[in-house]
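Here is a friendly walk through one protein and the ligand that goes with it. Keep the 3D view open as you read, and look for each part as it comes up.

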Amino acid sequence: MDFPLDKTFFTSERNASIFNKVLESTAQNLRFLTRSMPKPVFIFKPLHESHVQASIICSKKLRVHLRVRSGGHDYEGLSYVSHIENPFMLIDLSKLRQVNVDIEDNSAWVQAGATLGEFYYRIAEKSKVHGFPAGLCSTVGIGGHITGGGYGTLMRKFGLAADNVLDAKMVDANGKLISRTAMGEDLFWAIRGGGGGSFGVILAWKIKLVPVPQTVTVFTVTKTLEQDSGNKILSKWQLVADKLVEELFIRAIFNTAGNKTVTTSYNALFLGNKGMLMNVMKESFPELGLTRKDCVEMSWIESVVSISGFPSGTPTNVLLQRKSSFAKLSLKAKSDFVKNPIPESGLIGMFNMLLKDDSQMMIWTPYGGMMAQISESQIPFPHRKGVIFKIQYQTGWRESEQRPITHIKWIRDMYSYMMPYVSSNPRQAYVNYRDLDLGKNTKDDAEMSFKRAQVWGANYFKDNFNRLVKVKSKVDPDNFFRHEQSIPTLPVLSFSS
Ligand SMILES: Cc1cc2nc3c(=O)[nH]c(=O)nc-3n(C[C@H](O)[C@H](O)[C@H](O)COP(=O)(O)OP(=O)(O)OC[C@H]3O[C@@H](n4cnc5c(N)ncnc54)[C@H](O)[C@@H]3O)c2cc1C
């Protein structure tokens, strides 16, 4: 099989500008687009599912390693940069983005290259009372997102995107097109949360739609450090965030305002109207001081646009433009899971740390509800009962700023500071917030070493890592689908007598 040449972009001088344009199109993290970063020898954009099969066969024939990109949001750029393989090519699935919504059946097939925003829009086009519990950022690709779990504002009521998958179409390491029945339940388990780029190329997911009310309510209430003296509001949030009614999702977003103070924004979605929400808040979280004026009633799809960060009144078809509400930056992110409220003394130190980076953002996402009702081994994503909230640490900068090392050092210091307050043995992390620092300090630093993988494997998957390795060893024994943190095959053990 050959690549259709009109859909293949080479690094040669002649078409360098079009090559760069395609490479940069969905790459979310500018840190991996600098001149010094390795580049694919070519980029291929399949127009048909069979082209993906062809690309796997060609990759093997040409002995050119393959990377797969759906929405390009991998925090370590692993979908478009390889630090361990040269040469490598990029299969960009952005042209495979058909969505078929079947309201009668409460389900939909969505191809991997669709963004979450496109998918949400197509659901709402068919029904005002159906939705899907996936991410808050509209440009994330459904292909990579679901492979790592995928959480959003509906998670406390319905769980993760990966908890709501009914079937999948995938091309395996032999170039064969398989769906749930053909892949078997072990592999179907592994692809729903075991991380992208390890088991095959997902072409499409069949997902279960969930019910949403005609009217939902959104609010954002922001407090400075001074307005929450003694951290009374934040401490109460830690006590109630995972215990509130499942219809209410309140996350806390921390920003640094010019190194002078830290603001905490309580950003919420409630599956119901203002009146019902006010009753819940009066009962469970009066310390926030929410007023009716803070609350805006809207449809679920309007709430998607609002929570994605677009200005109020932005038409919902902005979701079809595959554009973000914010400018792209160079990014580094990390994650943690919190099982006991962080005491006041810990919060004071945490705010002091936040004040040291003027371009940081930290988000606390509440768990509980449905998240606590699903067992740790139901799918590979293990962060369930007992988690109060997840932390995302993020720092972002412009490449022209010349201070990347300072920001990266800051986020590592912040992560060290938080150690006493977060989960331990293992310290849990979210695979969709890919972090190549994990497992780095392991003594055996041979590339892709199994020992190192066991460290990040436990961080991301706890005991599920062992089952993932078994599945990987069975379905891809030659480790065709590999990257810096892909699931390894079982090592061949040598016994000395
Ligand atoms: C700005 C931003 C906002 C985010 N918001 C959220 C959020 O609200 N909720 C949340 O849960 N996460 C969120 N994330 C994390 C996001 O879910 C993950 O980065 C996810 O992996 C992105 O999927 P993608 O297809 O866009 O990324 P890609 O970079 O294309 O892929 C990510 C990984 O999956 C692999 N992969 C991609 N496509 C396929 C495929 N078709 N088959 C097999 N493997 C594949 C890639 O090789 C790579 O390893 C966010 C990330 C960013 C940068």
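## A sheet of seven strands

Let's begin with one pair of facing residues: Asn-255 stands opposite Met-361 in strand 17. This is a predicted model, so please read every value as computed from that prediction. Strand 13 (residues 248-257) pairs with strand 17 (residues 360-366) in the antiparallel sense, over 4 bridges.

These two strands belong to an open sheet of 7 strands, in the order 15-12-14-13-17-18-16, with antiparallel pairing. Which strands stand at the edges? They are strand 15 (296-298) and strand 16 (330-338); each has a single partner strand, so one side of each is left without a neighbour in the sheet. On average, neighbouring strands of this sheet are turned by 20° against each other, ignoring direction. Helix 12 (residues 404-418) packs on the sheet and touches strand 16, strand 17 and strand 18 (389-397). The direction of helix 12 makes about 165° with that of strand 18.

## A sheet of five strands

Another open sheet has 5 strands in the order 5-6-10-8-9, and its pairing is antiparallel too. Here strand 5 (99-102) and strand 9 (177-179) are at the edges, each with a single partner strand, so one side of each lacks a neighbour in the sheet. Neighbouring strands are turned by 10° against each other on average, direction ignored.

Strand 6 (residues 107-111) pairs with strand 10 in the antiparallel sense over 5 bridges. Within that pairing, Ala-108 has Ile-207 of strand 10 as its bridge partner. Helix 3 (residues 116-126) packs on this sheet, touching strand 5, strand 6 and strand 10. Helix 6 (residues 180-191) also packs on the sheet, touching strand 8 (165-171), strand 9 and strand 10.

An unreviewed UniProt entry lists residues 34-212 as "domain: FAD-binding PCMH-type". That span is 27% helix and 25% strand, and its end C-alpha atoms lie 43 Å apart.

## Around the ligand

How many residues surround the ligand? There are 32, and the closest are Val-68, Ser-70, Ser-79, Leu-136 and Tyr-430. Strand 3 (65-69), helix 4 (142-148) and strand 10 (201-208) each supply at least two residues of this shell. The table shows some polar contacts.

| Residue and atom | Ligand atom | Distance |
|---|---|---|
| Ser-70, polar side-chain atom | nitrogen | 2.7 Å |
| Gly-72, backbone N or O atom | oxygen | 2.9 Å |
| His-145, polar side-chain atom | oxygen | 2.9 Å |

On its own, the ligand has 950 Å² of accessible area, and the protein covers 96% of this.

Methods: Residues numbered from 1 in each chain as written. Predicted model: local features only at pLDDT ≥ 70, side-chain atom pairs only at ≥ 80, totals over all residues. Heavy atoms only, no water. Pairing = 2+ DSSP bridges. Axes fitted to C-alpha atoms, helices over the stretch in contact; angles between N-to-C directions. Contact = heavy atoms within 4.5 Å. UniProt positions renumbered as here; feature names shortened; annotations may be inferred. Near = heavy atom within 4 Å. Polar contact = N/O pair within 3.5 Å; in protein donor to acceptor, adjacent residues only side chain to side chain. Areas by Shrake-Rupley, 256 points an atom, 1.4 Å probe, with all protein chains shown as cover.
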